[in-house]
Every structure is written in C-alpha cells, then in structure tokens.
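Take the model in hand and follow the chain with me. We will stop at a few loops and helices and see what surrounds them.

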Amino acid sequence: MDFLKSTLSSALSKGPPFPYTFHDRVTLPGDTPVGGVFQLFNGTKREDGSACSIFTFEVTDATRTRLPLAKNALRRLRTLRHPGVLRVLDSVETDAYIYIATERVSPLAWDVKRGALQAETVKWGLWGVAITLKFLNDEAKIIHGNVRLASVFTSESGEWKLGGFEVLSAVADDEPFIYRYGSLLPDAGRFAAPEIGKGGWEGLKNFPVHVTDSWGFAELTYEAFNGSLTSVDQLSQPKKIPPAMSAAYKRLITANPKSRLSVSHFLEQGTRSGSFFDIPLIHISEFVENMGVKDQDERETFLEELERTGDQFPEDFFKMKVLPELLKSVEFGGGGPKVFGAVLQIGEKLSTEEWEASITPVVVRLFSLPDRATRVFLLDNLSRMIDHLSNKVVNDKIFPDMLTGFSDSAPIVREQTVKAVLTIIGKLSDRHINGELLKHLAKTQNDEQPGIRTNTTICLGKIARHLGPNTRQKVLVAAFTRSLRDPFVHARNAALLALGATSDVFDETDCASKVIPAIAPSLVDKEKLIRDQAVKTVALYLARIATLTKNYPDTVIPASATAIASTPGTPAKAVATGDGESVVMPGGWTSWAVGTFAAAAGQMQSRVTVTAAAIAAEERPASAPLPNATTTSASSTSRPQTKATVSTSSVPQPGGFLDDEDDDLDGWGALDEDKDTTNDYDNGETFFDALEKKTGRKLGGAASNKENRIASPPAPSAAASTGRISSFGPKPFSLKHEEEVDFEALIGAKKGGKTLPKGLTKKTTPTTVVRKTPAPVAKKTMPPKKVPPPPPKKTETWDDGEADWGDDAWA
C-alpha cells in the first residue's frame with residue numbers, strides 16, 4: 001500500500017496538476033478489486049476538503065492491453081450527463097496513468113454482501129438504473145454492454161449510479177467500440193449473453209440495441225436480491241426476487257434475443273398501478289425531482305406519504321436528495337410550514353455539523369421573513385431546532401429577528417413569541433436576557449390580551465434563575481405584584497404560582513418586607529381559587545422565612561451589656577405602678593431603669609391637683625391649724641382633675657433653656673379656658689383673699705395688687721423645688737414688667753446673706769422663669785415656583801398604579 005502511494009505521488013509530480021488528494025483504496029472482502037479495469041480510491045479536493053472518489057488506471061505492461069477500455073470510459077464519462085450516471089468532477093490523462101475524480105461513491109456490492117438492503121430499497125435502486133438504461137438504449141441509441149453488480153455504485157445520497165463505461169458504444173458510430181473490444185472486459189465470457197457466446201460481440205449488430213443490456217439488467221436484479229452470481233445458470237431461479245416482479249424478470253433472460261423484454265418495457269410494466277414499482281419510495285423520489293412545479297394539494301399528499309414511509313428510505317437519501325429539495329420548496333417554492341415539518345423530521349437524523357451546514361442557514365433566512373404563518377410555525381417548533389443551533393447563531397441572528405414578534409399586531413405572533421422565550425433562554429447571553437428581553441416582557445405583561453399577560457407572568461417565573469441577581473430583585477416582585485392586581489383571574493393565579501415557584505430566589509428580608517405584603521390582598525380576593533392559592537403561597541414563604549431565620553441569635557445586644565443586666569446577686573425589686581399594683585422587676589441596670597420609670601409614673605398619677613389648701617399646708621407652721629375643710633372640699637370638687645404634671649425639664653437646666661417647641665402647652669392637653677375662677681371661693685373671694693385669710697399673712701409682690709390678683713398666679717409652692725409646676729388657673733399667665741421678681745436681688749441676697757426682696761421668704765425657691773414669646777417674624781413671600789406640567793400619562797389597558805418595572809430595572 002505504501003509502495004502504491006509513493007508510486008502515485010511520483011507520477012503526480014511528473015504529470016499535469018491534479019488538485020485531489022488520494023486516501024485509502026476501496027476493495028471488497030478478500031481484496032477483490034472493484035471498478036472493472038480501474039482501481040477505486042477515496043479522496044478529497046485540496047481546495048475545500050470535499051470528499052470524492054478517484055478511479056485510477058496505471059499503464060504497465062500487464063495492463064497495457066486494457067488501456068483502450070480505460071480511455072473509452074474516460075471519454076464517455078466526460079461527455080455523458082445523466083442523473084443516473086456517475087458525475088465526473090475532474091480528470092487527467094497521461095502516458096503513464098489515467099485519473100478520474102467523481103462524486104463520492106461506494107460499490108453497491110458492499111451493501112449486497114452485508115445484506116443491508118431492504119426489498120423496497122432494492123426496487124427503488126433498480127428503478128433508477130432502469131431509467132438510465134432506458135435513456136441510453138431508447139433515446140441515445142447507446143449500448144452499455146457491461147451492466148452488472150460491479151458496474152453500479154451507491155452515491156452519498158443513497159442513489160444507485162451507473163458506471164463501468166469501458167465498452168459503452170453508440171450504435172451510430174462507424175465501428176462501435178464494443179464490437180472490437182468487448183472481449184477485453186474482465187469475466188466477459190462468464191457474464192455475457194447467450195448470443196455473444198454463439199456469434200461473438202460483432203453479432204450484436206444483428207439484434208436490437210437493448211438485448212445485451214436487458215440481459216445484464218436481469219443479472220443485476222438477481223444479484224441485488226440474492227447476492228453474487230457465479231454462473232448464468234442461476235438466473236433461471238428467481239429465489240428472493242418478489243413474485244410480482246418474477247414474470248417480467250423471466251422475460252429479460254429469454255434465450256431468443258428478439259423476444260427478450262427491453263428495459264424500457266420492464267420499467268413500464270413495473271410502474272403500472274399496483275405493480276412492483278408502484279411503491280411510496282419511488283413516488284417520493286419522483287415527486288422530489290419535480291417539487292417546484294407541484295401544486296399545494298400534491299405537496300400535502302407527498303408529505304403524508306413521506307411521513308408514512310420515511311423509515312424505508314436510506315438516511316443518506318434524505319440528507320442528500322430529499323432534504324435539499326424540501327428546503328428549496330420552503331424558501332423559494334412556497335412550501336410553507338408543512339414542508340418545513342418534513343425538513344425537521346429529516347433533520348432529527350442529522351448530526352450537528354450536518355444540521356449547521358444544511359438547515360441552519362435556511363432557518364436564519366426564514367426568521368427574517370415577514371410571513372406570519374412561517375414565523376408562528378418556527379416559534380412553535382423552535383424546541384426541535386434549538387439543540388442544533390449554536391449560541392452565536394441564536395444571539396446574533398435569530399434573537400434580533402425574534403424580538404419583532406413581541407410588538408406584532410397579530411396576537412398569535414405575540415403569544416408564540418412569549419412562549420418561545422422558554423426554549424431559547426438557555427442560549428441567550430446575559431446582556432440579551434437582562435436587557436432587551438426584559439424590556440419586551442414588560443410590555444407584553446401589560447398587553448391587551450389577558451392570555452398574553454398570563455403567559456408573560458408564567459414565563460418570568462420560569463426564567464427567574466436565568467436573570468442576574470440584581471435584576472432579579474428589581475423585576476420579579478414588581479412584575480408579580482402587578483399581576484396580582486390583574487383583573488383576569490388566571491393572571492392573578494399565575495402570579496401566585498410564579499411566586500411559589502421562585503420562593504428560593506428571595507432572601508428573608510424580601511420575603512418579609514416585599515413578597516408577603518404583596519400577597520396579602522389576595523387572601524381576601526373575590527375568587528376562591530385565588531384565596532386558596534394565596535394561603536398556600538403565604539404558608540410557603542412563612543416556612544422559608546422560618547428556615548432562613550432558624551439560626552438567628554436570640555438577641556443582638558452586646559455581650560457586655562447582657563452580662564451587666566444579669567449580674568448574680570442583684571436583688572429583684574417590687575416597683576409600684578401607681579394604680580395600686582406592683583411589678584417585681586429583676587435585678588440589674590435594666591430593672592433599675594424600668595423601676596424608675598414605673599415609680600415616676602406612680603408619682604405622676606398620685607400628684608393630681610395642687611389646691612390652695614396644699615399650698616397653705618406647705619406655708620403654715622407645723623402648729624398652725626388646718627384650713628377650713630369646706631373650702632378645701634369645694635375647691636377640689638369644683639376644679640377638673642388632671643393627671644398631667646410638668647416635668648423638671650420646664651425650668652432652666654444647666655447648659656441652656658428648652659426649645660420653643662417644648663414650651664408649647666398644647667402637647668399636654670387642652671385647658672378649660674371658659675372656667676370662671678371666681679366661683680371657686682366663698683362670697684366672691686379671689687384666690688389671694690382666701691389664701692391671706694387662711695394663712696393670716698399679707699402676700700407681697702404682685703399678689704398685693706388687688707386689680708391683678710385674678711390675672712396673677714400664686715407664688716410657687718415648695719413643690720416647685722422639685723421641678724414641678726402645677727396648673728392653678730384655667731389659662732396660662734405672665735407677669736408684667738413692674739411685677740416681675742427681682743432675680744438679681746434674690747441672687748445677691750443668697751450670696752451675701754442679705755435680706756430677701758419683699759414677697760419672698762427663705763423657705764421658697766426661685767419662681768420659674770417665664771420666657772417671653774418673641775413676636776412672630778413675618779415670612780418672606782416668595783414668588784410661586786414654576787412647576788413644569790406633568791408628562792402625559794401612558795395609556796394602559798388597565799391601571800395598576802405601578803411604574804413600568806421593565807424600565808425601572810435599567811434606570
């Protein structure tokens with residue numbers, strides 16, 4: 001083998017250029033050569049690497065006698081063109097060799113010896129050879145003269161191709177080649193017709209053109225059904241030849257050449273209705289050849305027959321013959337979706353490389369067509385194609401054209417486009433998913449068709465895990481919340497189901513703060529279907545929250561603070577609540593704080609009203625008699641009881657005074673401004689008269705002015721030293737400038753031990769400073785700010801109050 005290759009290489013280097021590369025030699029079992037006087041090699045074209053077959057004839061002393069046969073075959077193959085004949089690609093002829101490059105073929109004897117041919121396939125092959133011989137004998141008036149199993153080859157499409165043109169001759173020639181060189185054929189005597197054995201090859205001139213080829217066709221029929229032929233005596237026993245064909249077959253091998261059936265008549269008998277060539281396989285082959293001129297009804301009949309008999313065809317025939325014709329019909333012949341369905345049926349048997357080479361370019365072109373029927377069919381069958389389409393083709397070519405379907409005026413196109421997203425999502429890049437796709441889904445979720453809105457929600461729920469983490473948080477809750485308010489009940493139900501299916505994509509914060517509040521209104525939906533599903537979805541999210549927070553700590557208070565609060569040995573304290581009950585507080589600084597607050601609440605509740613009697617009790621000596629019980633009782637019963645007291649924060653504190661808003665008395669409740677204070681004392685006495693009468697002393701300062709006694713308050717009692725200011729009158733009051741207490745003298749007396757100013761005693765504390773309320777400052781009037789008119793509101797089919805979540809996600 002290596003020697004042969006080296007010889008071929010040296011011959012090629014010396015001869016004319018032959019742009020093909022030789023590969024392995026093709027032989028039958030037992031190293032039996034094929035190709036008649038030629039040897040067969042597999043090869044490839046150097047330019048594009050396409051596969052081919054190369055028939056070679058090396059001129060040597062042993063083969064020189066058969067050189068005329070090789071030259072005749074080369075000449076006939078170059079000039080003869082027919083679908084049933086080997087197709088020549090290139091050839092070269094020198095004194096040393098003859099090379100003929102043809103389409104890639106394999107010997108039919110391979111399949112016959114392996115028993116790989118079904119009866120219907122054999123009929124289909126014989127039908128093709130019969131058509132070729134009919135053309136040669138009846139139309140071209142040519143004698144093949146070498147029809148047998150070794151002269152037939154199988155192409156890549158599975159079709160039978162006729163070769164073996166070594167003695168092919170035209171009867172019109174002055175001296176037909178077969179008459180002189182027929183005897184040079186290998187095994188010519190063993191397979192020759194009876195008349196050749198009697199009168200030689202020159203005797204054929206006395207018989208019709210078809211006689212020798214009819215005999216050879218009978219041999220081919222026998223070998224195709226039964227295997228190799230070793231003797232012509234075997235031809236009389238049809239064996240595996242179908243009974244329907246047996247009668248016509250026997251007429252091909254009659255001993256009398258003049259009564260021998262021609263191949264064209266054999267073909268005519270076989271193609272009659274119900275005859276041996278009346279089979280679906282042959283009908284489909286005929287239809288494929290003329291599909292461009294068939295009408296719609298004939299196409300539908302063809303497709304139905306193809307679906308029924310597709311398994312009977314060789315797979316190669318589908319790939320190389322039927323598929324290209326179907327694709328042409330879909331793209332240019334108006335075949336439509338039904339023809340494309342047959343394309344996909346054949347495509348299931350193709351490899352990814354074959355799919356990309358033959359079907360992918362057509363699919364890309366079909367997606368760019370404006371025909372809605374084609375677009376809907378492509379979207380509906382995208383699941384059958386997606387595995388064969390590369391990511392680059394999907395992102396760069398198919399997806400941009402597919403986006404136009406989201407805004408198509410036909411609802412069926414929009415709906416099929418939304419459904420197709422689930423199929424194509426695995427091939428899309430993150431940029432397309434989180435960009436253009438979500439923007440278009442935002443529009444279809446607000447579509448006028450409720451079914452499209454529902455399918456959009458379902459689509460979002462199923463593609464949630466393909467979204468980016470940030471996009472997922474922005475889009476899903478907003479989209480599902482919108483659907484929960486959809487007037488279409490199935491859209492709301494789809495939103496609840498989608499939320500349940502995507503519960504694992506939300507963290508505990510989103511579950512508690514966004515999802516559950518959004519679902520809550522559905523718990524009282526008017527539809528029981530929605531209420532029931534809402535209960536299930538809420539329970540699902542509550543369980544998820546419980547799972548996520550299972551390992552949370554009991555508290556986030558720092559450990560040091562917790563240790564102080566739980567210091568051993570700190571006794572528990574009973575704290576009065578002010579309403580006659582007590583609460584036992586644990587030890588620690590926190591219990592002290594709570595206890596203090598509780599005690600303060602009790603003080604505030606116990607100190608309800610400060611009356612004149614209380615002030616007198618504080619001012620009088622211990623030996624002085626108590627005030628008249630009648631006066632005290634009248635005062636306490638006639639004045640409304642209030643539990644509010646002013647805290648010590650109302651007096652000046654170190655570091656500054658309180659803010660103005662803290663001085664506002666409105667925060668403490670409304671005061672009874674219509675109450676007449678003169679009725680609180682006997683015989684029209686004022687507060688100061690009663691106080692002077694009970695204490696036996698004259699009040700100094702502002703209290704000595706009879707005209708101002710009602711407007712002026714009494715001096716603060718000892719309670720003021722604790723920071724409390726009690727309300728004595730029905731309305732707030734203030735001292736006039738000449739009636740104010742001399743605080744400078746007071747402070748000086750304290751420091752130097754001097755006599756206190758008139759009206760003050762050592763037992764009393766400085767009165768509370770009442771700050772004057774500054775006059776309100778007139779606010780500067782500003783010209784009204786020009787507010788631009790609001791943009792026109794986007795018209796939607798139903799107003800849900802939500803912004804477009806698709807746009808917000810990219811803001």
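Helices (H or I, at least four residues) and strands (E, at least two) are DSSP runs, numbered from the N terminus. This is a predicted model, in which local features need pLDDT of at least 70, side-chain atom pairs count only at pLDDT 80 or more, and totals for chains, interfaces and linings use all residues. Residues are numbered from 1 along each chain as its sequence is written, and side-chain values use heavy atoms, with hydrogens and water left out.

Start with the whole. The protein has 33 helices and 13 strands. Of its 811 residues, 43% count as buried. Buried means under 20% relative accessible area, exposed means over 50%, and partly exposed lies in between (1.4 Å probe, protein chains only). Contact means heavy atoms within 4.5 Å. Among contacts between residues at least 6 apart in sequence, 64% join residues at least 24 apart.

Now go to the loop between helix 5 (177-181) and helix 6 (188-191), where D187 sits. P186 is in the loop between helix 5 and helix 6 too. P186 has a relative accessible area of 17%, so it counts as buried. What does P186 touch, not counting residues up to four places away in sequence? It touches G36, V37, R66 and R148. P186 and V37 are 149 residues apart along the chain, yet their C-alpha atoms are separated by 7.5 Å. D187 is partly exposed, because its relative accessibility is 42%. Its backbone deserves a look. Most residues other than glycine have a negative phi. D187 is not a glycine, and its phi is positive, near 60°.

K239 also has a positive phi, about 55°, although it is not a glycine. Its place is the loop between helix 8 (211-226) and helix 9 (243-252). K239 counts as exposed because its relative accessibility is 61%.

Move on to helix 14 (residues 336-347). The expected span of a helix is 1.5 Å times one less than its number of residues. For the 12 residues of helix 14 that gives 16 Å; the end C-alpha atoms are 17 Å apart, so the two agree. The buried residues of helix 14 are V339, F340, G341, A342, V343, L344, I346 and G347.

G347 leads to the next stop, since it is one of the contacts of H388. H388 lies in the loop between helix 18 (382-385) and helix 19 (391-402). With a relative accessible area of 16%, H388 is buried. Leaving aside neighbours within four places in sequence, H388 is in contact with G347, L350, T352, W355, E356 and T360.

Next comes a helix pair. The axes of helix 20 (residues 411-424) and helix 22 (residues 450-462) come within 9 Å and cross at roughly 10°. Axes here are lines fitted to C-alpha atoms, for helices over the stretch in contact, and angles run from 0 to 180 degrees between N-to-C directions. Angles under 35 degrees count as roughly parallel, over 145 as roughly antiparallel, 65 to 115 as roughly perpendicular and the rest as oblique. Helix 20 is therefore roughly parallel to helix 22. On the helix 20 side, P411, R414, E415, V418, K419, V421 and L422 take part. They meet I452, N455, T456, C459 and K462 of helix 22. The residues of this contact divide into six nonpolar, two polar and four charged. Ala, Val, Leu, Ile, Met, Phe, Trp, Tyr, Cys and Pro count as nonpolar, Asp, Glu, Lys and Arg as charged, and the others, Gly among them, as polar.

Helix 21 (residues 430-444) has 15 residues. From first C-alpha to last it reaches 20 Å, close to the expected 21 Å. Where does helix 21 bend? It bends by about 35° at L437. The bend at a residue is the angle between axes fitted to the seven residues ending there and the seven starting there. L437 is itself among the buried residues of helix 21, which also include H432, N434 and L441.

N434 gives a link to helix 23 (residues 469-484), where N470 is found. N470 and N434 are 36 residues apart in sequence and 9.8 Å apart in space, C-alpha to C-alpha. N470 is exposed, with a relative accessible area of 61%.

End at V505, in the loop between helix 24 (489-501) and helix 25 (508-519). V505 is buried, as its relative accessible area is 10%. Not counting residues up to four places away in sequence, V505 touches R465, R472, Q473 and L476. R465 is 40 residues from V505 along the chain, and their C-alpha atoms are separated by 7.6 Å.
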